[in-house]
Amino acid sequence: MFHLRSPDSIFKLVLGISIGVVVFIIIQMSYLPSNDQRELDFDGTLEQRLIHLESDISQNRHVAGQLHKAVKELMTAAPPPDQHQQADQLDVAANQHQQAAPQRAAAEWQQERQQQRRQPGSMAGFCEFGQQSPKTTDVQMLDLYKEMPFDNPDGGAWKQGWELTYDTSQWSAAKKLRVFVVPHSHNDPGWIKTFEQYYAGQTRNIFNSMVAMLERFPRMKFIWAEISYLDLWWSEISPEVKAKVKRLVSRGQLELVTAGWVMPDEANTHYWAVLEQLVTGHEWLRLNLNATVSNGWSIDPFGLSPTLAYVLRRSGLDHMVIQRAHYAVKRRLARHKQLEFWWRQTWDSGDSTDMFCHVMPFYSYDAPHSCGPDPKVCCQFDFARLPGGKYNCPWRVAPRPINDGNVAERAATLLDQYRKKAQLYNSRVVMVPLGDDFRYDSAHEWEAQYVNYQRLFDHMNGQTDWHVEAQFGTLADYFAALEADARKEAAAGLAAFPRLSGDFFTYADKNDEYWSGYYTSRPFHKSMDRVLISQLRAAELLYSLALAAVGPSPSVELSSHTSQLLADLVLARRALSLFQHHDGITGTAKDRVVIDYGNKLLKALERCQRVLQQSAQALLLPEPAAWQPDISAVYWEPAERRRGPERLAERRTLSLADGERAVLVYNDLAHRRVEAVSLHVSSAHVEVTDPRGRVLKSQCAPVFDGVAALVDGVHKLTFVATLAPLSLAVFTVRQVAPMENGRHELALVTLVHVPKGQQVSPGRAAPYAVEYSPPAPVTFGSTDLTLELGPDGLMTSLTRVGYDRTALSVDFVTYGAQRGPDPSGAYLFMPDGAARSYHRSAWPYRVERGPVAAELAVQLPDLTHTVRLVRAEGADDASWVEIQNRADMSRRRNVELAMRLHSSISSGDRFVTDLNGFQTIERRTFEKLPTQANFYPVPGMMYIEDERARLTLTLAQPLGGASLGPGQMEVMLDRRLMQDDNRGLGQGVTDSRVTLSTFRLVLEHPNQQEAPQKPLPSLLAHAAHRSQLHPVHALLHSRSCAAVPGKLNVAHLLPEGFQATATQTSLTGVHLGRSVALAAPLALDPMELYAFRLKRL
């Protein structure tokens, strides 16, 4: 049974990421004329349209401000008695409704949190967002990095800290030290073993023991994070055991923390997938336990992103705990008692995004590094390590069972560690995690921990002069006590704690051992993740709209069919969610586990494709409610397919031998797109018509395997499609006689440095004219750009029309692996010196020129590098250059491959990267840090700039990146490492696959407007990356099934298929807000995410 997301209730996110996306949603969806008129009004390039849009926004800022003022006055005025309903509607339309929050013990605290929720957005404030300076914080991480020496003195027992001392007079009978020992078990959904293997061997036992022992010991507590494991167990247990779990949750003995499907990585993940796994977990929790979540627990991701703090805050959580921050950063924060702070977004000009955060101070989250600064002492109080058990203490001093003879000494020793740990925080409340990976998997361990600790607690609490109160607790217990303690000290309570902004990358756990390698490890699967995000989002949207089109009373057969498609979506959601795990998308799992992830991702892609084509078929029918579906039927085939989980996608060939063929093109974005579409067809001479029957300009080029190996009988067709927002459009392709179609041309092909033995004969190349020529500079031009490439086939400059030439070259470099006890591996990047450039050589390359697109492909060692420029007038993608690198590292040893861009931009040591595809953050290259420390996660975008130009590189897949010199940008492409880096994996990264990495280059020049106060991508860069992450979907009509060709604007279904109002919710849909009318305008604040629940009629 699949219960997640009822078909009757569609959960929809409205995204307001910076100015660009908000403008697309509001302007394109609400204020543009009809589709027919729109095509006439928006001539020119994408950049020209965006500049025009920015100008309109600037001109209307004053008007928008006055409108907002008028609305505000109306909202505050008391309506006459007969106009209450109209006033209510105005209130619904103008306000951004507050999110419901979990109940609080203190009404005062709840009132304070109420004041921090989102206020109504305003278009005036929206337009001025970029000019608003972020609100200052007590700690700004970039400034902290500038100040810190990053030295590594030996701190003694606390090796990465200092010798801690304390004065016992700081505690008294009225001001006791309160200690909460928090039992936990960290369960990786895949790492050394697969998800299912871990469950069968360990996690099932943890859950079974948990229920028995928590019932037996009412004072024992436990926290759990990963809902994916809870779901597996839930499907096996009896109703009686389920009832026991519900009781444990309701009485606070068991707390679910974060409660995502997994504990996600925070470097490589895209915010959409992070939300997907969080929604999946929270919905499961609500449906099965009727529970919500208040506290986050992110103890194992290798570096921390503020995006996760934002998402949790907007999902109704109030506090979070993190662990893996740079050891020197922890030491600096601990020195100033700033390990607990309000984490604020760098773009926030207020304080509504503040999330209260607790940082664990020591090396790890395991028991030896949790009770206090001395791991040798703390290990003696992990009673799972008692002699004779399966664990031991590396410091060779084993725990001793607590009895009457030693309890006084043992309790005093443990209290000493608690007191020392308390010196690092600005309160009298201490949290002590008690657990490790896959702990508490036996009743024996549960009993050993409970019995021995309870004896220690009882003794401590009984010594009135010790002024301590120790107990088992949960995060909820700890934060409630912390809030109470803070209010005793100051009326402001937790509000008096410091504010921090920035992120915690790049992480180092010791010495110069920086975890920047996993930003790139297993790039094949990182790319596959982004493809699944695109497919799943497209499928969910189309399914929801098809469901609405079918109507509220479908036939039994149709209802069963839509339930099967929903099951496909649930499977895909869970596969994507599982891969967000911090040993999944990171590429840090065993080879066999990576294979398992790959199989799950491929199955999810196949299910999404079935949902897409079946939903599209339903929407194209004149009477969707009368449809008699076949779940096994293939109405439309995706233009690309994967033949296995370890192979790249390849294009299907559209056979035109038997007549014209229909091609369905789906735009799943909420704005109009004019983009090039490429297909493989069986004939070089074709005609493409749009849904109105108009013949489109098109070109065909021969298909090559690599640079010069011609593929017989297949041709690459490229045409430009104009697509309305949220639309399905059917194009037709038919074979014609040569010269019959005056709007179709064949590309001109030039091959350089191709050995005679590999050259293609004229007869085989026909009907294309393939020429062989000596190396010479190559120039491509579009309406927006001029691209110059050197005689070696690599880029030399990029010029935007109307501006000066910008020198821009591409180089490929490699890093070796340094030798030593902790070399480069799945996690660590430990280069053996500076990067080494590829030796320039007479590499073979191919040049293709046509009226729609031009490209150059060059064969280098280990990779094929392709540069493509769309040349068609008016095409969106004529505003950027696309780069593809197809790498094969399978023959290399201990090599890391990177692409480096050199430009004439005077960027100094400053550059900007994105965080999780959600926001951007300023970076610095520090000479005081080693190369590996200056690499950062680049999940979607990076840019450099000076007063004359900005160069943005967008990525279709997450990778590690840096700017190691002025005017440079560098991204890793792949890495093959033969040894383990001693971080637990026990192997190197040797399972290299042929991997395709795709990028877009956007060159811009500043206008006369005031420079923004925040590092924000431009509208054009937003458009380039958004269309890269969500490309148009091409589906080929299957001859075995009848279809109804036509053009459908899916946006028209929204008012027809859904109720007139929607309910605003927290991001995961758990906390409900007020209703909003779909027909009313909605003001969206920049950078904010909004969630609404729509219902079918």
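**View 1. F438, a buried loop residue.** With 4% relative accessibility, F438 counts as buried (under 20% relative accessible area, with exposed meaning over 50% and partly exposed in between, using a 1.4 Å probe and protein chains only). F438 sits in the loop between strand 10 (429-437) and helix 16 (443-462); helices (H or I, at least four residues) and strands (E, at least two) are DSSP runs, numbered from the N terminus. Its phi is near 55°, a positive value in a residue other than glycine. Most residues other than glycine have a negative phi, and most peptide bonds are trans.

A note before the next views: this is a predicted model, in which local features need pLDDT of at least 70 and side-chain atom pairs count only at pLDDT 80 or more, while totals for chains, interfaces and linings use all residues. Residues are numbered from 1 along each chain as its sequence is written, and side-chain values use heavy atoms, leaving out hydrogens and water.

**View 2. M739, an exposed loop residue.** Here we visit the loop between strand 24 (727-735) and strand 25 (744-746), where M739 lies. M739 is not a glycine, yet it has a positive phi of about 70°. Its relative accessibility is 80%, so M739 counts as exposed.

**View 3. Two cis peptide bonds.** One cis bond runs from F505 to T506, with omega near 0°. T506 is found in the loop between strand 12 (499-501) and strand 13 (508-510). Another joins A766 and P767, with omega about 10°; P767 belongs to the loop between helix 21 (762-765) and strand 27 (770-772).

**View 4. Helix 11 and the residue after it.** Helix 11 covers residues 271-289, and 16 of its 19 residues are buried, so the rest of the structure largely encloses it. At 1.5 Å a residue, helix 11 should span 27 Å (1.5 Å times one less than its number of residues), and its end C-alpha atoms are 26 Å apart, which agrees. Just after helix 11, N290 takes a positive phi of about 50°.

**View 5. The hairpin of strands 28 and 29.** Strand 28 (residues 778-781) and strand 29 (residues 785-789) pair in the antiparallel sense over 4 bridges; pairing requires at least two bridges found by DSSP. A hairpin of 3 residues joins the two strands, and T779 has E788 as its bridge partner. Along strand 28, V778 and F780 point to one face and are buried, while T779 and G781 point to the other and are not.
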